[in-house]
Amino acid sequence: MAMDLSSGSGNYNHQLSNEEQIWLLNAVKNQKITVERAWEIAQTMKQPAQDTTKQEQLPEYDTQYNFCIYKYNRYRWQKRVLQIDFTSRILCNIAQGIIKKQFSFKNIKSCEHIDGQKISISFLGHHDYEVEATSAEDRVKIVQLVNQIIQSNIYEIHKTSKSGGDGLRKQPGVIKEGQLELQKGGLASMKWRRYCVRLTLAELCFQRLNPSEASELLGLAPNVIHLSDGYASVHKEMRTDSFTVITKKNCYLFKIPEAEHFKVMDDLRKCRDEWIDAIDKCCLHWKRISQSQLFADNNLYEAIENLALEMESTGESALKEPGSSRELSMEKDETKVEEKAENFREEIKKAVKEKKGSESLAPVKERTPRSPFTPSVLPIIARYLPPPPPPIPLPPPFPCKGSETSVKTKVLHWEVVAPEKIPKSIWGHSNSTKVQLNSVRLLDQFAIQDTIALKIIVNDFSPHQQILLNQKVAHNFNIFLKSFPVKATELNGKLLILQEENGGLTDEHITSLSRYVPTPDDVEKYKSYSGRHSDLHIVDQYMMTMCHITYLRQRLDLIVTVRELPVSMRNLQPLLNHKIKACSQLLESRMFVSVLGHLLAIGNFLNENARKEKIKGFRLSSLTKLVEIRGKDRTFTVLHALIEQIMLQEPALTTFTQELTEFEAVPGASIKGLIAEVDVLKNQLEKINQYKKIFKSKNKVNADREFYKELKSLIQKYEAELIQLSKQCDEMKKLYSDVLVKFGEPQNQDSQEMFGWISSFVNDFSKACADKKALQTGNR
């Protein structure tokens, strides 16, 4: 097999070096990557560096991106669809086709990679979203798109400002660039890696000089620190060659690499300070813009909190390292901190006063405003408060009553029957006092282990035994392995079984095992271990086995995707059928159209007598207002007038609800959400196809052959089912578009909202009709 990886079109200004070509060829030869993957890597490496001097352009206006994610909510992960819609400029959280939450682009504050595939997204007036992408490609794309939105928001806010907009345009593209070392770590390794670092106004980019893994070559490793959200800051370290960049969720430790031109320590410190000054100016620039945005949006409490953080960091940075060119003398510094604290007090008083005044006039928001005295503000105020009084000593403990047994058991939490109900119930004649209990058995099963004994059992690491894993990771991994029924020698075979009922891993075990997948640095460390395998602790022995399983992360992801895909398709089937029936009923119902005609006549009559013009048609959102307009009799509304009119003119129209049976229940799923769900299923099937190419084994091992055969069969089955699902989705879109045209609604009208209006009208009409008929029957 021969591949010409150096050839390319004339548009590329970079050719692969001999070392890069050899690395790709060896990776394909050792089955680390496929030929197609190697070609993608080669094309990516040959592309010229992007020009960061220009603002990144947002995608096309009518573009939508749908990503399958897992959202952390109430101590568990929930499968969702994250939709980034550039048509309506809205970010949606979708579950089972239901749009759970929508966020306007202008309310997105920050987006940052945490660890693994996890992402944190912050919003104005809402708690942070912690989500986990299903692949590195999705994670990179989400972070890239959301940060483009954030940067676009800032440019839009300041494009009309002379000081803000012009300042942004006049900033140089690359402010500073050079080589730095960044501390990177995995489960068992912590190393300094050398990067080529480039600082621009909006971000700090770092690219590995000698990338050793495919994720870095494809740009899938997180290598951008976004500064435009206003949260980033830079701090000096105790060492003269190190500094730390702190964002909302992460901390990056950099150091100046050792070089011959740094002959004295002052040169090293000077280079470090130049980087700090350059990064600090960018951070403060975006922090000021972020605060002005908060004040413009009347988010005074958040602005005060950010102001306090900036003042605190400014006051402390001057005292961080004596002899620095940026620091002041102690007297001047104390005076400055005192002045800032005084100004800060005035800011708090003014902001709270304005906030209280605005709250008395403005409607009450859903979110309860936070107190301006948040933990970030309190340290500054506490400097000027008297010391707290000494704590009151605790009273002596109450004497414990003696018990028959010294063993403490677990508690059974009863739902207690009320005492007054006991005599007339079965409990009044209960024979529980005569039951002979097997107390030994009960104590053996339900006794609570002593805390000290439990610690001894859990912490079974010998102090003289070397553990390669990180101590905390080793401790957690050891606890997991005690409940994991698969031995290290059996793990590879279990990964060749797709379904749990055939003897495969459970979903819970796969989720837990995914947390301990070794990084490439961990694999390198374990493979370089030269000692005896039996001398290692059980956690290291298991990790050693995992390091020798190729494509471990992809295998775990494949099993999860193969199991989830058919369940998701089955869940979507009835939702699509419901929407198709609902749209068909709206298109075919003639009685509903006649009812709307009667309503239009009543509305025009009322408006004409109110000196308003007649109209030819109304939006379906007006249906919700019928019960709000009351007559002289407060129980009589426009809806009742409509029913009386229909009963007098066309009594048969009162049964129009029988033509709209799909609207009797409140519709949940949105057509927009269902389309996103189907789009995500297509992406998941494409991902399974990519995994199939990777796992196509060249070894004639029976287990591998059976695994590939079963996977190929499942893909063919899922493709056929997804084709039918896609046809239904296209039919639903066509029918809904016809519905919007028929009733004169805009094409971007959300079905979840519109079907909700119709459902409310149908239910209110049926109830009012029933009350009317019951009243007429009673009068007879």
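Here are some short exercises with worked solutions on the structure above.

This is a predicted model, in which local features need pLDDT of at least 70 and side-chain atom pairs count only at pLDDT 80 or more, while totals for chains, interfaces and linings use all residues. Residues are numbered from 1 along each chain as its sequence is written, and side-chain values use heavy atoms, with hydrogens and water left out.

**Exercise 1: the whole chain**

Find how many helices and strands the chain has, and what percentage of its residues is buried.

Step 1. Helices (H or I, at least four residues) and strands (E, at least two) are DSSP runs, numbered from the N terminus. The chain has 22 helices and 14 strands.

Step 2. Buried means under 20% relative accessible area, exposed means over 50%, and partly exposed lies in between (1.4 Å probe, protein chains only). Of the 780 residues in the chain, 41% are buried.

**Exercise 2: two helices that meet**

Work out how the axes of H12 and H16 cross, and which residues make the contact.

Step 1. Start with the axes, which are lines fitted to C-alpha atoms, for helices over the stretch in contact; angles run from 0 to 180 degrees between N-to-C directions. Helix H12 (residues 471-483) and helix H16 (residues 538-547) have axes that come within 9 Å and cross at roughly 85 degrees.

Step 2. Now classify the angle: under 35 degrees counts as roughly parallel, over 145 as roughly antiparallel, 65 to 115 as roughly perpendicular and the rest as oblique. H12 and H16 are therefore roughly perpendicular to each other.

Step 3. Contact means heavy atoms within 4.5 Å. H12 contributes Ala474, Phe477, Asn478 and Leu481, and H16 contributes Ile538, Val539, Tyr542, Met543 and Met546.

**Exercise 3: what covers H14?**

List the buried residues of H14, then name helices that cover them.

Step 1. In helix H14 (residues 507-514), the buried residues are His509, Ile510, Ser512, Leu513 and Ser514.

Step 2. Their cover includes H12 and H16, along with helix H13 (491-494) and helix H17 (552-588).

**Exercise 4: a serine in H17**

Decide whether Ser568 is buried or exposed, and find its polar partner.

Step 1. Ser568 sits in helix H17. With a relative accessible area of 15%, Ser568 is buried.

Step 2. A polar contact is a pair of N or O atoms within 3.5 Å; within protein, one must be able to donate a hydrogen and the other to accept it, and residues adjacent in sequence count only if both atoms are side-chain atoms. The side chain of Ser568 makes such a contact with the side chain of Lys79, at 3.2 Å.

Step 3. Leaving aside neighbours within four places in sequence, Ser568 is in contact with Lys79 and Leu681.

**Exercise 5: residues in loops**

Locate Gln96, Tyr551 and Pro667, and describe each one.

Step 1. Gln96 lies in the loop between strand E3 (90-95) and strand E4 (98-104). Although Gln96 is not a glycine, its phi is positive, about 55 degrees. Its relative accessible area of 41% makes Gln96 partly exposed.

Step 2. Tyr551 lies in the loop between H16 and H17. Its phi is also positive, near 55 degrees, but Tyr551 counts as buried at 16% relative accessibility.

Step 3. Pro667 is in the loop between helix H19 (638-649) and helix H20 (671-695), and is buried at 9%. Beyond its neighbours within four places in sequence, Pro667 is in contact with His578, Lys579, Phe755, Gly756 and Ser759.
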